[in-house]
Amino acid sequence: MANRLLLLTLALAGLPATTLAQDVAAEAPAYCSELKRITALAVTKEKFASITGKPRNGNFRDTTLELTGWRDCSLYGPGTSTCDSQTLATAEDAETAQASTVHDIKACLGAAWGEASERSSPRYVVLHHAGRPLSITLSTDQTDKNEHVVRLILFVRRN
């Protein structure tokens, strides 16, 4: 009887940690694994060479690693990756999506990423990695078709 009580106590003691881990995993966005891979590639010597696709206008290129749920992902130069969210009806919808995306990215990439509030504004949020020269900007924008989007730009900072 004492052994069963001890086992039950140990099993119950492990529940909060298990529940917490499941909650964190549930918070991670669908594009989390791709975003982690892109951030890892950004700090390598080759940068985005392994995911570089066909040329586009200017210095843009297609990417072979799209973020799930995002559109028009591309690479710019050797150290910049960009994607647009799905289109949104209003600027207010874009601002709400931007705030949600900031939360999602922090949940995905972890505590090393923090907001640079001195460089952020209501329509433009900057996230920096604490130990690597990486930044992510999330801005709201309007397309040529008057659709609203959140634009995600990951880039290697040159300090």
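This passage describes the sheet, the helices packed on it, the nonpolar core and the aromatic pairs of a predicted model.

The sheet is open and is formed by eight strands, which follow one another in the order β1-β2-β3-β4-β8-β7-β6-β5 with antiparallel pairing. The edges are taken by β1 (52-55) and β5, each of which has a single partner strand, so one side of each is left without a neighbour in the sheet. From one strand to the next, the twist averages 30 degrees. At the β5 edge, the antiparallel strands β5 and β6 are joined by three bridges. In this pairing, Trp113 has His129 of β6 as its bridge partner.

Two helices are described here in relation to the sheet. Helix α2 lies across β4, β5, β7 and β8, and runs at about 35 degrees to β8. Helix α3 also packs on the sheet, where it touches β5, β6, β7 and β8, and its direction makes about 165 degrees with that of β7. The buried residues of α2 are Cys32, Glu34, Leu35, Ile38, Thr39, Leu41 and Ala42. An α-helix has 3.6 residues a turn, so residues three or four places apart point the same way. The partners against which the buried residues of α2 pack are β4 (80-84), α3 (91-109), β5 (113-115), β7 and β8 (148-156).

The largest nonpolar core consists of 28 residues. Within this core, the residues with the most contacts are Phe48, Leu67, Trp70, Ile105, Leu127, Ile136 and Leu138. At least two core residues come from each of α2, β3, α3, β6 (124-129), β7 and β8. The greatest contribution is that of α2, which gives five residues. Phe48, one of the core residues with the most contacts, touches Ile38, Leu41 and Ala42, among other residues, when its neighbours within four places in sequence are left aside. These three contacts of Phe48 are among the buried residues of α2. Further contacts of Phe48 include Leu75, Pro78, Gly79, Thr80, Ser81 and Leu154.

Strand β7 (residues 134-142) contains Thr140. This threonine has a relative accessibility of 10%, and Thr140 therefore counts as buried, the limit being under 20%. Not counting residues up to four places away in sequence, Thr140 touches Ala94, Glu95, Gln98, Arg123 and Val149.

Two aromatic pairs are present in the structure. In one, the ring centres of Tyr31 and Trp70 are 5.7 Å apart; the planes stand at 90 degrees, so the pair is edge-to-face. Tyr31 belongs to the loop between α1 (2-27) and α2 (32-42), and Trp70 to the loop between β2 (60-63) and β3 (71-76). The two residues are 39 residues apart, and the pair thus links distant parts of the chain. Tyr31 and Trp70 are both buried, and Trp70 is also among the core residues with the most contacts.

The other pair is made by Phe60 and Tyr76, with ring centres 4.7 Å apart and planes at 50 degrees, so the pair is tilted. Distant parts of the chain are linked here as well, since Phe60 in strand β2 and Tyr76 in strand β3 are 16 residues apart. Phe60 has a relative accessible area of 31% and is partly exposed. Tyr76, with a relative accessible area of 39%, is partly exposed too.

Note on methods. Residues are numbered from 1 along each chain as its sequence is written. This is a predicted model: local features need pLDDT of at least 70, side-chain atom pairs count only at pLDDT 80 or more; totals for chains, interfaces and linings use all residues. Side-chain values use heavy atoms; hydrogens and water are left out. Rings of Phe, Tyr and Trp (its six-membered ring) pair if their centres lie within 6.5 Å; planes under 30 degrees apart count as stacked, over 60 as edge-to-face and the rest as tilted. Helices (H or I, at least four residues) and strands (E, at least two) are DSSP runs, numbered from the N terminus. Buried means under 20% relative accessible area, exposed over 50%, partly exposed in between (1.4 Å probe, protein chains only). Contact means heavy atoms within 4.5 Å. A nonpolar core is a set of buried Ala, Val, Leu, Ile, Met, Phe, Trp, Tyr and Cys residues joined through side-chain atoms within 4.5 Å. Two strands pair if DSSP finds at least two bridges between them. Axes are lines fitted to C-alpha atoms, for helices over the stretch in contact, and angles run from 0 to 180 degrees between N-to-C directions.
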